[in-house]
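This report introduces a protein model to a reader who is new to structural description. Please look at the sequence and the structure below before reading on.

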Amino acid sequence: MYESFLRKSQDNGQVPVFSHERFSGYPASGGFDSTIIADRLQRTFPDAYILVVFREQLSSILSMYSQYITDGGHGSLKTYLSEPEPNLRRAPMFSEEFYRYHRLFKFYQDKFGKDRVLGLAYEQFISESDSFVETLCNFVGVEHKKREFEVTNEKRSECFQILQRFVNFTLSDNQLSKGALLPFPNATRRFGKLSRPIGRIFPSKLDQMLKDRLVGRIQSRFDGAFAESNAELQSLTGLDLGQFGYQLPSTTSTD
C-alpha cells in the first residue's frame, strides 16, 4: 500500500512523511488505542524517525473539547470530562492519563530507540516556527529552508459551538452523539460550514466570557494534575516546558 509512495519519494530525493493526529489516539476516548497504533507503526516502519508534538494540557483539553463538538458531540464540558463507572471502563472515555504525555513518549522511545524519537512543543511552533522546522530538519537529516505558514482550521467561537451542540443533539446520529431526536444526514458537518458567518453575529465579549468560564473550570479541575508528568517529559526531551506555561512541580528551598 505504501510502497509506491515510498519509492516515489526516494526517487525524488525527498523524505516520506506520514502524519495524523490519530496516531496518538483520539482524546475524547482517552487515547485507548495509542499504544496499539504505536505497535503497528513500528511493525510497518521499523526504521522510521518519530516526531511527537505535544501541547500544554489545559489549553489542549479546551481545544479537544471544542473538537469533540465539531466532530459531533453534544455533551457539556462537565459531561465530557466525567468518567461514569471509572473502575469498570466498559467503553473508551475521556481520561486525564491521556494528557500525561511522558508515558506515550517513553513508549515510542522504547519501540524505536531514543535517537529516533524527537519531542517538540506545539507552543514552539507557534512562537518560533522557523526554529521548530530547523530542529526537525536536522533530526531527519535534510536541508532546512525558511518557510511561510498560514493559519488553517481556526477555532470556532464558543457561541457557535453551543448552537452546534444543540444541532448535534437533535439532528446528528453519530458515534459521539447517538440517538438524535430527528436524524438528518450529515447534520454536524453541514451546520459546521456556517461557523464563520454565524460566529460573527455574536459579540466578542460574550464569546470571551464563555471561554473564560470554560478555562476556569478546566484550571480548577486539573490544578497541578500534570506537573509530575511534565517534569518527566522535560527530562526525556531536554525542553524547558516551564517557559511555555506547562505545569511543573513547585520547588521550595530552605536556608
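The sections that follow treat the basis of the model, its overall build, its salt bridges, its surface and pocket, and some of its loops.

## Basis of the model

The model is predicted, so local features are described at pLDDT of at least 70 and side-chain atom pairs at pLDDT 80 or more, while totals for chains, interfaces and linings use all residues. Residues are numbered from 1 along each chain as its sequence is written, and side-chain values use heavy atoms, with hydrogens and water left out.

## Overall build

The chain contains twelve helices and two strands. Helices (H or I, at least four residues) and strands (E, at least two) are DSSP runs, numbered from the N terminus. Starting at the N terminus, the order of the elements is α-α-β-α-α-α-β-α-α-α-α-α-α-α.

Along the principal axes, the C-alpha atoms fill a box of roughly 65 × 50 × 40 Å. The chain has 255 residues, and 37% of them count as buried. A residue is called buried under 20% relative accessible area, exposed over 50%, and partly exposed in between (1.4 Å probe, protein chains only).

## Salt bridges

Side chains of opposite charge can pair when their charged atoms come close. A salt bridge is defined here as a side-chain nitrogen of Lys or Arg within 4 Å of a carboxyl oxygen of Asp or Glu. By this rule there are eight salt bridges. One of them joins R22 to D33, with 2.9 Å between the closest N and O atoms. Both R22 and D33 lie in the loop between α1 and α2 (34–44), so the pair ties together parts that are eleven residues apart in sequence. R22 is partly exposed, with a relative accessible area of 31%, whereas D33 is buried at 11%.

A salt bridge also links K106 and D110, where the closest N and O atoms are 3.0 Å apart. These two residues are four residues apart in helix α5 (residues 101–112), and therefore about one helical turn separates K106 and D110. K106 is partly exposed, at 32% relative accessibility, and D110 is exposed, at 55%. In addition, R103 and E97 meet in a salt bridge with an N to O distance of 2.4 Å. E97 is partly exposed, at 34% relative accessibility. A network of salt bridges links E96, E97, R100 and R103.

## A nonpolar surface patch

M1, Y2, F5 and F18 make a nonpolar surface patch of about 450 Å². Patches consist of residues with over 30% relative accessible area and no salt bridge; like charges are joined within 9 Å, and nonpolar side chains (Val, Leu, Ile, Met, Phe, Trp, Tyr) within 5 Å. Accessible areas come from the Shrake-Rupley method with a 1.4 Å probe, and for residues only the protein chains shown count as cover. Within this patch, Y2 lies in the segment before α1 (3–11). Y2 is partly exposed, with a relative accessible area of 33%.

## The second largest pocket

Rolling a probe the size of a water molecule over the atoms shows where empty space is left. The second largest pocket holds about 660 Å³ of space. Its lining has 23 residues, and those closest to its centre are A28, P92, M93, Q175 and L176. On a 1 Å grid over the protein atoms alone, a pocket is an open set of points where a 1.4 Å probe fits, with protein on both sides within 12 Å along at least five of seven lines, and lining residues have an atom within 4 Å of a point. Grid points are joined across faces, edges and corners, and the volume is the space filled by probe spheres set on the points.

The lining of the second largest pocket comprises eleven nonpolar, seven polar and five charged residues. Ala, Val, Leu, Ile, Met, Phe, Trp, Tyr, Cys and Pro count as nonpolar, Asp, Glu, Lys and Arg as charged, and the others, Gly among them, as polar.

## Loops and contacts across the sequence

The loop between α8 (158–171) and α9 (187–192) contains N186. N186 has a positive phi, near 55 degrees, in a residue other than glycine, and is partly exposed, with a relative accessible area of 40%. P185 is found in the loop between α8 and α9 as well. P185 is exposed, at 54% relative accessible area. From C-alpha to C-alpha, P185 and S172 are 7.3 Å apart in space and 13 residues apart in sequence.

Q164 is placed in helix α8 and is buried, with a relative accessible area of 0%. The C-alpha atoms of Q164 and T188 are 7.2 Å apart, with their positions 24 residues apart in sequence numbering. I201 lies in the loop between α10 (195–199) and α11 (204–221) and is exposed, with a relative accessible area of 63%. I201 and C159 are 42 residues apart in sequence and 9.4 Å apart in space, C-alpha to C-alpha.
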